[in-house]
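Here are some exercises to work through with the model open beside you. Try each task before reading its solution.

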Amino acid sequence: MKRFIILLCFLSAYGFAETALLLHKGWQLIGSTSKITDMQIFDTSHVEQVWHYDAGNQQWKGYSPRPDIAKKISEKGYQTISTLESRHGFWVKSKDDWTLVLPTTEHSDENITLEKGWNLISLPVDTVVSPHIFDGTTVWKYTKEREWQLFDNNNTENFPAISHISNSDGIWVKSDKKQVISTVSDAAKLHNFNTIAAMKAYIEDMLLTYKRPYCGYVPIILSSGGVYDKAGEATANETFEAPQASQKAENTSQTNLQESGVDEADILKHNDKYIFYLAPDPKNMIQMQLLVNTFERITNNQLNPLQTIPLGNTPVDMYLKDNKLIILSKYGLDNYKVLTPTPEEKIAIQNGEYVASMVVDIYDVSDINHITKTTGYKINGQYNSSRMVANKLYLITQFMPSISVDYPHIYIDAPECEAFFKPVYTDVATDESTPNASSTNQSKSDTPTIAQNRAVAGDYAKYARCYDLRVDENNRYYRLDYDHPKISHENLVPYYTKDKNEHEMLITPKSFYASDKKDQEPIITTVSQIDITNGTLEKTTSVLGYNNTVYASDKALYMVSNQYPIFYTFDRYQPRSMIYKFNLTPAVAYNAVGFVKGTVLNQFSLSEYNNILRIATTSGTSWQNNTTNSLYTLKSIGDQLLIQGVLSGLGKEGETIHSVRFMGDRGYIVTFKRTDPFYTLDLSDPAHPKKAGELQIDGFSSYLHPIGENMILGFGRDATPDGQVAGLKLELFDVTDFTHPISLDSYTLPGNYTNSEIEYNHKALAYRTSDNLFAFPYNTRKGYSSIQDYLGIFQIQNDQINAYKPLEGNNITNFYNIKSLQRGVIFDLNDTSYIAYFSNGKIYYTTLNSLKEE
């Protein structure tokens with residue numbers, strides 16, 4: 001392993017953390033994210049000399065705990081080191097193997113200032129980066145084998161290349177100018193690759209880094225002991241026929257979309273004539289099927305499906321565009337079970353290496369008598385999200401590379417670790433009332449627990465190097481040599497097949513982008529562009545990084561990842577969100593990247609308007625009362641999304657964002673902890689977003705739906721004045737006076753055990769703008785024995801929420817087999833308004849007139 005190992009000390013009893021470096025005999029080039037102000041930690045029993053090169057003054061500084069060496073340092077004109085900053089790299093000459101315990105310090109600036117010439121530095125924050133962060137410079141790194149590694153874009157020297165740099169590495173950097181390198185923003189910039197080999201090598205190194213404890217850091221956890229090893233543990237052209245149907249419906253509700261012109265997948269789609277909906281197979285609830293019906297048949301009480309199409313995979317979403325029905329499915333029942341595995345997949349499953357995939361099936365439904373599957377894709381990776389603009393499907397998948405690796409054992413002579421690994425028996429209370437109780441069995445448990453005794457916990461520095469050790473069956477101590485992995489098998493990139501043809505690589509080096517931050521989950525997120533007219537996979541673009549949230553306008557697609565906190569130290573960090581922007585025209589392509597503080601709630605936290613991205617975030621947590629709710633505006637300039645303006649301070653102490661909606665140059669945000677502040681935001685000047693108005697009410701809204709220009713309908717929860725959450729609540733806001741929003745009306749559904757998908761999925765709402773009639777599914781628990789499904793039906797009239805009698809759906813008694821495939825559709829046929837309720841394959845319906853008469 002490296003000549004040192006970073007160790008994290010979690011001192012739960014004291015509420016703070018420290019780090020330690022295991023140093024070995026001889027010279028080492030190291031760094032630390034902790035500022036060292038007391039040089040006496042380099043004591044004379046272990047250290048001879050410490051050296052740092054001051055690039056600003058272009059001179060060496062030295063330190064020695066030995067008076068004779070310290071005198072020689074001074075006599076030769078070298079300054080004495082009094083402080084080592086967190087960005088400093090330094091040489092240490094040790095007399096033996098020892099543990100350097102580093103103090104916990106306040107976080108420092110994440111920037112590194114490089115002077116012209118040579119700089120001896122280290123990373124000032126806890127991270128692992130690619131050497132590409134120092135593009136345009138020459139970087140040297142000293143390894144445990146006492147060999148040098150080199151990074152230089154024009155490298156002609158015969159030295160091994162640097163694969164990554166961790167916070168504990170000291171490095172030499174030669175710069176041809178004075179410049180500032182950010183370990184945050186510069187590490188976030190994405191770059192592509194010239195060859196497949198280079199791309200795979202980068203993925204492999206990130207995967208190996210991620211598989212290390214703490215990405216190469218080994219934790220010291222005082223509440224647990226060491227690690228014991230025990231022996232033995234360590235189809236196209238499928239046609240379905242149906243009779244022809246007839247009449248078209250009018251004034252129908254469609255899938256509820258965030259942005260006009262950007263379609264979103266759902267479990268029900270229709271074209272005003274035929275309704276396609278997903279449902280469980282009643283004979284096998286695990287299997288799914290596609291059902292087809294018509295509006296006319298429903299109004300004639302013909303509720304049995306016109307057509308039933310069995311689906312071999314597990315469908316999750318659909319699109320319907322013109323005469324093309326696109327079904328998006330998981331391949332198999334779950335990640336490790338497939339219905340029809342290939343021989344290769346069978347072997348992979350047996351080895352625990354099966355790669356999850358998804359399926360895209362495109363059906364031609366122009367002739368309802370002959371529905372034909374025209375194209376089928378199987379794509380490696382989990383289905384994440386999707387959008388459709390015009391006839392282009394943008395599919396987001398996430399692929400987790402895998403690698404089978406063994407690490408050599410480095411055996412250590414560590415007699416001090418005997419106490420560390422010694423089992424501690426827990427006391428068992430004596431129960432004198434128990435008949436025939438044996439006194440010998442009452443003092444100790446028969447099974448020892450692996451826990452540290454108090455002596456070890458009280459002197460963790462003494463046992464620091466024991467924390468990353470393991471014990472084999474012969475009671476020998478060893479650690480894993482992460483620097484020399486033995487790879488037996490790896491699956492680094494996703495593939496796809498079309499219509500069961502030979503598989504092809506889904507990603508390409510030129511359209512695959514990776515950041516220089518290597519201590520992150522090595523997930524490959526790919527956006528695939530498919531022309532549904534001819535079924536062609538036209539282009540893909542990928543990033544090496546996780547995606548939490550997807551938002552799309554008709555021009556661009558944005559992906560947000562929350563896996564980019566800045567770790568100043570192991571227990572001090574700042575949550576951030578990374579934003580990737582992809583242009584959609586003329587073809588999908590990576591465009592820019594940016595950062596904001598905090599994390600987003602969902603896709604409604606983002607909106608693009610007049611080429612400005614607006615994004616709302618929350619930092620902190622309610623239980624710590626340290627939240628900050630903010631609104632950022634960003635603009636794409638070059639390859640970066642640059643912040644134009646910031647509005648912070650939304651919400652009271654401890655409140656978090658519960659819903660967001662942007663409409664043109666206006667924004668609406670709801671925060672909550674005890675009450676619901678409903679904020680109106682003026683975003684007309686992106687450089688200076690400002691709060692326009694505020695309304696305090698009990699409860700909160702989880703989803704905000706615009707009603708014309710001056711009303712907002714909120715779906716969420718009622719609450720007591722002290723913040724105790726109650727039943728499902730609808731709130732109608734009037735924002736005509738934008739600086740003084742008011743509540744026109746509210747309605748709380750009966751019962752505190754009422755739940756609805758509308759609280760977390762906007763597509764559960766069926767809304768018709770012509771008469772403000774809307775519906776959404778919900779359920780209510782009836783005692784402890786059953787759950788009753790309903791379709792709630794409402795209408796906004798005269799600034800009030802009118803509630804009609806709901807349609808009653810399924811009564812569920814088997815809680816272990818609950819499906820949530822429910823949607824409502826509002827439509828007109830023969831001058832009559834209908835509301836249909838699709839619930840797990842069954843259809844219920846009523847007319848608006850009959851509801852008004854009740």
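**Exercise 1. Find the residue in E66 that is the bridge partner of alanine 836, and place the pair in its sheet.**

Step 1. Across from alanine 836, the bridge partner in E66 is tyrosine 845. Before going further, note that this is a predicted model, where local features need pLDDT of at least 70, side-chain atom pairs count only at pLDDT 80 or more, and totals for chains, interfaces and linings use all residues. Residues are numbered from 1 along each chain as its sequence is written, and side-chain values use heavy atoms, with hydrogens and water left out.

Step 2. Strand E65 (residues 832-839) pairs with E66 in the antiparallel sense, over six bridges. Strands here are DSSP runs (E, at least two residues) numbered from the N terminus, and two strands pair if DSSP finds at least two bridges between them.

Step 3. Now widen the view: the open sheet has three strands in the order E64-E65-E66, with antiparallel pairing. Strand E64 (822-829) and strand E66 (842-847) each have a single partner strand and stand at the edges, so one side of each is left without a neighbour in the sheet. As a reminder, strands of a sheet pair through backbone hydrogen bonds, either parallel or antiparallel.

**Exercise 2. How is strand E48 placed: buried or exposed? Trace its partners too.**

Step 1. Eight of the eight residues of E48 are buried, so the strand is largely enclosed by the rest of the structure. Buried means under 20% relative accessible area, exposed means over 50%, and partly exposed lies in between (1.4 Å probe, protein chains only).

Step 2. Sort the side chains by direction. Ile612, Arg614, Ala616 and Thr618 point one way from E48, while Leu613, Ile615, Thr617 and Ser619 point the other way. This fits a general pattern: in a regular strand the side chains alternate between the two faces of the sheet.

Step 3. Look at the partners. Strand E47 (residues 606-609) runs antiparallel to E48 and is joined to it by four bridges, with tyrosine 609 opposite isoleucine 612. Their hairpin has two residues between the strands, and asparagine 610 takes a positive phi near 55 degrees there. E48 also pairs with E49 in the antiparallel sense, over eight bridges; here arginine 614 stands opposite threonine 633.

**Exercise 3. Which backbone atoms does the side chain of threonine 627 reach?**

Step 1. Locate threonine 627 in the loop between strand E48 (612-619) and strand E49 (628-637). At 15% relative accessibility, this threonine counts as buried.

Step 2. Check its polar contacts (pairs of N or O atoms within 3.5 Å; within protein, one must be able to donate a hydrogen and the other to accept it, and residues adjacent in sequence count only if both atoms are side-chain atoms). The threonine 627 side chain reaches the backbone nitrogen of glycine 654 at 3.3 Å and the backbone oxygen of glutamate 655 at 2.8 Å.

**Exercise 4. Describe the surroundings of glutamine 788.**

Step 1. Glutamine 788 is found in strand E62 (residues 786-797) and counts as buried at 3% relative accessibility.

Step 2. A polar atom of the glutamine 788 side chain lies 3.2 Å from the backbone oxygen of asparagine 810.

Step 3. Leaving out residues up to four places away in sequence, glutamine 788 touches several residues, including Tyr778, Lys782, Glu808 and Asn811. Contact here means heavy atoms within 4.5 Å.

**Exercise 5. How many aromatic pairs does a search of the whole structure find? Compare two of them.**

Step 1. The search finds 39 aromatic pairs. Rings of Phe, Tyr and Trp (its six-membered ring) pair if their centres lie within 6.5 Å; planes under 30 degrees apart count as stacked, over 60 as edge-to-face and the rest as tilted.

Step 2. Tyrosine 53 and tryptophan 172 form a tilted pair, 5.6 Å centre to centre with 50 degrees between the planes. This pair links distant parts of the chain, 119 residues apart: strand E4 (residues 47-54) holds tyrosine 53 and strand E15 (residues 171-175) holds tryptophan 172.

Step 3. Tyrosine 668 and phenylalanine 738 form an edge-to-face pair, 5.9 Å centre to centre with 80 degrees between the planes. Tyrosine 668 and phenylalanine 738 are both buried.
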